[in-house]
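Student: I'm new to this structure and would love a close look at one part of it. Could you take me through it slowly, and then show me what lies around it?

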Amino acid sequence: MTQKTSLLTLLLLLALCLSQPLQAEDGYRLWLRYDQVQEKTRLQQYRQLVSEVVVEGNSPTLAIVRKEIAMGLKGLLSQEVAVGQQASKAGTLLLGTPASSPLVASLQLSDQLKAIGTEGYLILTTQLQGRPATVIAANSDMGVLYGTFCFLRLLQSAEDITKLAINSTPKIQHRVLNHWDNLDRTVERGYAGFSLWDWHKLPGYIDQRYLDYARANASIGINGTVLTNVNANALVLTRDYLVKVKALADAFRPYGLKVYLTARFSAPIEIGGLKTADPLDPTVQSWWNEKSAEIYSLIPDFGGFLVKANSEGQPGPQNYGRNHADGANMLADAVAPQGGIVMWRAFVYDDKEPDDRAKQAYSGFKPLDGTFRKNVMVQVKNGAIDFQPREPFHPLFGAMPKTPIMMEFQITQEYLGQGTNLAYLAPMFRETLLADTHAKGKGSTVAKVIDGTLDNHTLTGIAGVANIGTDRNWTGHLFGQSNWYAFGRLAWNHQLHSEDIAAEWIKMTFNSNANVVIPVQNMMLTSREAVVNYMTPLGLHHIMGWSHHYGPGPWIKDKHRADWTSVYYHRADEQGIGFDRTKTGSNAIAQYYPPVQKLFGNPKTCPEEFLLWFHHVKWDYKVKSGKTLWNELCYRYSTGVDQVRQMQKTWAGLEQHLDDERFTHVASLLKIQEEEAKWWRDACLLYFQTFSKRPIPSDLEKPAQTLEHYMQLDPKFVPGI
Ligand code: GCV
């Protein structure tokens, strides 16, 4: 190579490097990107209003506050902002609690602080020593950290910060992620790689990811994490593992994230050498008391236990002729002295039980209302079957007024396209939260049941089954991040609107250019409805592939458990389709309060999205559009595919505004989603057509393959099993 050509090559390489973004846009930074604010006037405003930062006080959490605000402002304002201990000029941002900061104490905020509880925060535009200032104040250091993230969110979203008067308090006390992570690092229903918890290297090695995970949770107000799968392994309760759990708890603590574990009910036998796990046996009770004391000696702020019992093969109190309250109360007594809680799941059903699976949780739990200890919450899935793309709200909400009822949502998309489909879930979460149980008259929403206001409970909780793994972008699909984000935001304040949460997330994840925000928001807001349309329109449910739950499988039948087949749920025959849950059928409808029974019980008033959930409907039944049920089904399935194609178009139009890496990632996944949507549409319509014996309307796209083709597809090694 001559000197001239080598110089040229060097220049070329340099030019190439300069044209690349400085930071890889691989999604790792989530919504906490802190890139420079683009709007010039806003940038000027921020630089003026925040020219100096004061954080008084010392604690591990305040150290994080200091670091976060310095890092955030440096990135967003593109200049160093001094973070000191003294307010010396106008434009000071002051952060602290009256206890940590004499300056905050001097502001006489006690009335306002009284109203916001331990975790809440105030963000106020005010005067400090006669000069304009912004104050983030709280009663606890964690409140200050939550306020810090809120303030940075305002800047990331290019909001006006000249007249701030924010007070924010979480509506729900326990805002918890449930990791279905196994000790071998596989994740049940996980589509983002392996478990974050590297048990083999713990307790010695604290991966930076643990801290980044805790920070991300703190940024959206999540304050608890259940580390292990509800299909539990007793080993995590052995000393060897507890010291590892302690290492994680220590790492998470400054971020306000408490650690919980799943308790395998048979642990006293499996790791304790006892002959029984009977909750009324004194030796079993002592074993749990001692185990709990051991845990608290290592982790003084241990949150407590989450339990799946007597369901899908898990052991439980019923193995000993005891009931769920007996089991929950034994564990509750064990953790009570140290302030722990028990989250006892109501996801309980049995294939030996002849009754409709949708009825079994209510039948089993309602009679136990009032018999649980004060530190027990019953954790109920949003719907009575299992996290389907759409379910009516679970009848247990509002049915157990004497028991704190906790919500369980699924953030991981087991039934909503797993790792390949874009489905923004806030509208689904909100749909359940806003549903009216009528338990105490009109307006008795599910949200009021779980935030404790309906029945005056102070112990309140909400859980989300996590979608997080070792994938570089945390959630596999970039848009999966929006569901982690939305869960946290709604757990803090269930009154937030899906569209606002989406807009926040888009601005922080991409940028606040309206040419990006509006189209992406539209995509997100239609995405869940699209999934419902191409998978389970009109109230269909549980018609997915066997075991891995990937792809369509409406033909699944003759398995060892009827309640795991599809034909159990859709009940298609030559007359029609749908599960009759009215008086003429399973009468599951009777589990709802009378106004809800009335609404759902009549096909004419039943919201069409739940029609086939509650009714077996004739193929020629006229739905609201005037079409026959069969034709409506065909159009809805096709609409789902069209909606995905529209998302593809929208995304393609954004190329110029987005970085290559994330643009290509999402575009490729949308292509897969289109293929999968067609697969669902074609397979389901061809299969149901064998019953309806009616043609697919001629203006709709024809199925690409035969039914036989779809039925013999057998995807191998689907993740998440
Ligand atoms: C953790 C469904 C899932 C299971 C899950 C179960 C549960 O059945 O398919 O993987 O088990 O729900 O919520 O316990």
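Student: Let's start with the open sheet: how many strands form it, and in what order do they come?

Tutor: Happy to! Please keep in mind that this is a predicted model. The open sheet is formed by 6 strands, and reading across it you meet them in the order β2-β1-β3-β5-β4-β6. Their pairing is mixed. At the edges sit β2 (82–84) and β6 (165–168), each of which pairs on one side only. From strand to neighbouring strand, the sheet turns by 25° on average, with direction ignored.

Let's begin at the β2 edge. Strand β1 covers residues 52–55, runs parallel to β2 and is joined to it by 3 bridges. If you want a spot to look for in the display, find Glu52, which stands opposite Ala82 in β2.

Now for what packs on this sheet. Helix α6, residues 141–156, touches β3 (92–96), β4 (121–128), β5 (131–138) and β6. The direction of α6 makes about 75° with that of β4.

Helix α6 also leads us to another helix. This partner is α7, residues 208–219, and the two pack at an angle of about 75°, with their axes 9 Å apart. An angle from 65 to 115 degrees counts as roughly perpendicular, and α6 and α7 are therefore roughly perpendicular to each other. On the α6 side of the contact you will find Leu145, Tyr146, Phe149 and Arg153, which meet Arg215, Ala218 and Ser219 in α7. Sorted by class, the residues of this contact are 4 nonpolar, 1 polar and 2 charged.

Following the loop between β7 and α7, you come to Pro203. The peptide bond that leads into Pro203 from Leu202 is cis, with omega near 5°. Another backbone detail is at Gln108, in the loop between α4 (102–105) and α5 (110–114). Gln108 has a positive phi of about 55°, although it is not a glycine.

Strand β7 brings us to the barrel. Here 8 strands close up in the order β7-β8-β9-β10-β11-β12-β13-β14, and the pairing is parallel. From one strand to the next, the twist averages 25°. Take β11 (residues 341–345) and β12 (residues 376–381) as one pair: they run parallel and are joined by 4 bridges. Within this pair, Trp344 stands opposite Val378 in β12. Helix α15, residues 480–492, packs on this sheet and touches β7 (174–178), β13 (405–410) and β14 (461–465). Its direction makes about 155° with that of β7.

There is a ligand to look at too. It has 15 residues around it, of which Glu188, Lys308, Arg345, Lys381 and Glu414 come nearest. For Glu414, a polar side-chain atom lies 2.5 Å from an oxygen atom of the ligand. Lys381 places a polar side-chain atom 2.6 Å from a ligand oxygen. In the side chain of Arg189, an N or O atom is 2.9 Å from an oxygen atom of the ligand.

Finally, here is another helix pair to set beside α6 and α7. Helix α21 (residues 629–652) and helix α22 (residues 660–692) pack at an angle of about 170°, and their axes are 9 Å apart. That makes α21 roughly antiparallel to α22. The contact of α21 with α22 contains 18 nonpolar, 5 polar and 6 charged residues.

Note on methods:
Residues are numbered from 1 along each chain as its sequence is written. This is a predicted model: local features need pLDDT of at least 70, side-chain atom pairs count only at pLDDT 80 or more; totals for chains, interfaces and linings use all residues. Side-chain values use heavy atoms; hydrogens and water are left out. Two strands pair if DSSP finds at least two bridges between them. Axes are lines fitted to C-alpha atoms, for helices over the stretch in contact, and angles run from 0 to 180 degrees between N-to-C directions. Contact means heavy atoms within 4.5 Å. Angles under 35 degrees count as roughly parallel, over 145 as roughly antiparallel, 65 to 115 as roughly perpendicular and the rest as oblique. Ala, Val, Leu, Ile, Met, Phe, Trp, Tyr, Cys and Pro count as nonpolar, Asp, Glu, Lys and Arg as charged, and the others, Gly among them, as polar. A residue is near a molecule or strand if one of its heavy atoms lies within 4 Å of it. A polar contact is a pair of N or O atoms within 3.5 Å; within protein, one must be able to donate a hydrogen and the other to accept it, and residues adjacent in sequence count only if both atoms are side-chain atoms.
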